[in-house]
Amino acid sequence: MTGRVNIRELILGILLEINKEGQYSHIAIRGTLDKYQYLEKTERAFITRVCEGTQENQIRIDYIINYFSKVKVEKMKPLIRELLRSSVYQLIYMDNVPDSAVCNEAVKLARKKGFYNLTGFVNGVLRGIARDYKKIPFPGRENKVEYLSVTYSMPVWLVVRFMDQFGFENTEKMLQASMEERPVTVRIKEYLTDREQVIQSLKKEGVKVEKAPYADNAYYLSGYDYLPALTAFRMGNIQVQDVSSMLAGEAANPQKGSFVIDLCAAPGGKSLCVADKMRGTGMVDSRDVSEKKADLIRENVERMGMANISVSVHDATVFDHESVEKADLVLADVPCSGLGVMGKKTDIKYKITPGKQEELVELQRKILEQAACYVKPGGILLYSTCTVCREENLENVLWFTREYPYKLESIDDFLCEELRSETTKQGYLQLLPGVHKCDGFFLARLRRIE
Amino acid sequence: MALRNIRTQGDSILTKKCRKVEAMTPKLKELIEDMFETMYDAYGVGLAAPQVGVLKQIVVIDTTGEDPHVLINPEIIETSGTQTGDEGCLSLPGMSGTVTRPNYVKVRALNEDMEEYELEGTELLARAICHETDHLQGKMYTELVEGELRRNSYEEDEE
């Protein structure tokens, strides 16, 4: 018979799946919530909050545990490690959970999992932290790297790399922003759509609608329960998309009647944006590597009712004869380390390593090599990523212009005053969370020389 | 110890009557250990041998996580009161239904060492004893559900 599920045991299972088995946090959380669908809404929210919060603040939490425990976090048994981490998260970040409950539940769980001899240890460490948390000497600002790493739970190698590239202050702004909750941004469709009417329909359903910066038809939505239930969503008037990604559509500046290839299109945000800008004319050939991803695009295209997009499965690293010099515009929004959206995906910062990043750069260049062939002479290639690392961004673009007959072209005409700078005049834009009011994102506009 | 596969509804073994256990064997001891492990792993509070494909009258129950019981050849000898509430079964994942059960149950069974003992339970423990002993007779709780069997649905905020 099924019984009362121990919520904290589920949390422990999820964290072990993420940190021991290398699962992505959102997949591990979703998998467990799917399996225990009968849980109450508040219990589901508790699981999500503790798992994400423990992940997001892991380095800071480990610092706290190490201050109170003789056995360092890295030396602990995985189960005890995750048990302590998730308990410390509840002690420090969740006011509505009594400290004594956190300690008792952790001890009970350790016992249930067979660690009888460690219950005293778990109890001691947690009660110590509950009592003396305020006395912990955290690294001060003068100790730049350690300060940023512990304050914002960012791996040291990334802190060093960010500081090299952006300096201490901008790095801190960016890391701070990555810890903050950000509202959902949508693009309101332009073609055959009355924007005012859409906004009114949203407001009528109790949604708070605010203008988002940088892009004309970008809006923040909040105060709703379930986005897919909103009329404007079901009618295909809005598409969830960060402003930064909309700017890629702006900088691409597609002309009516163009043939466009979107190489890594799922879930289809940029394809839809470009198709919308062409007012239903021309054709967007929207591709991604798997049937599953293609389905994601199809779902959105269908809902948004765009007839000038065709979706197909194609691996962007594989050369496609049919497409040679066919496209007026190619969008290459390549797979990347995702460090521009680490606020939304809490485990990105721990999963990426210098080695993995090198592999990504290789993959990105391979896709660019194919993309280079598909653009008509005189046509446009728009390169973009949702990361902030120079290696995956500017360095790739500079390599590309050395190897292929392309030159960077100013994007000032397509951007609002606020975003124009020395680099946008040259043809590229690096957006940083916290510095700009959107996700971290990179885009470059390249024209094929005739 | 090992996890065993939990049979799900549709598997004919769940509709068959189980044989009495005549003597304890090392193999059965292992089965009991595996049943506990399988039950805990699935976050269950009770599991009957046919649910792991063995047609023997063996049940494991632990409704609190700290109170394990083995019931061999169990026989309910006394019940009283009623309770009506939600019930679910590891052989029917993701579903639940409303079932009325006695609120108090006394059961006579053999323990792991084949010694006779009696166990009394109220509320969840009483419900679990009834639910699991039914399995040994090839009965599922679905036969007792009042109204509809429910899919445990939920809504999620999507990005």
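**View 1. H135(B), a buried residue in a helix of chain B.** In this predicted model, H135(B) counts as buried because 23 other C-beta atoms lie within 10 Å, and 20 or more are enough for that label. Look for H135(B) in helix 2 of chain B, which covers residues 123-136. Leaving out residues up to four places away in sequence, H135(B) touches A48(B), P50(B) and Q51(B).

**View 2. C89(B), a loop residue with contacts in two chains.** Here you can find C89(B) in the loop that runs between strand 4 (83-87) and strand 5 (95-101) of chain B. C89(B) is buried because it has 27 C-beta neighbours inside 10 Å. Setting aside neighbours within four places in sequence, its contacts are M1(A) and T2(A) from chain A, plus M140(B) and Y141(B) from chain B.

**View 3. The annotated binding site of chain B.** An unreviewed UniProt entry gives the annotation "binding site" to C89(B), H131(B) and H135(B). These residues are spread over 47 residues of sequence, yet they cluster in space, with a largest C-alpha distance of 10.3 Å.

**View 4. Helix 13 of chain A, mostly covered.** Follow residues 269-277 and you will see a helix in which nine of nine residues are buried. Among them are G269(A), L272(A), C273(A) and K277(A). Just after this helix comes R279(A), with a positive phi of about 55°.

**View 5. Stepping back to chain A.** Chain A has 18 helices and 12 strands, and its C-alpha trace spans about 75 × 45 × 40 Å along the principal axes. Of its 450 residues, 46% count as buried.

Methods:
Residues numbered from 1 in each chain as written. Chains lettered and ligands numbered in written order. Predicted model: local features only at pLDDT ≥ 70, side-chain atom pairs only at ≥ 80, totals over all residues. Helix = DSSP H or I, 4+ residues; strand = E, 2+ residues; numbered from the N terminus. Buried ≥ 20, exposed ≤ 12 C-beta atoms within 10 Å, placed from the backbone. UniProt positions renumbered as here; feature names shortened; annotations may be inferred. Contact = placed C-beta atoms within 7 Å.
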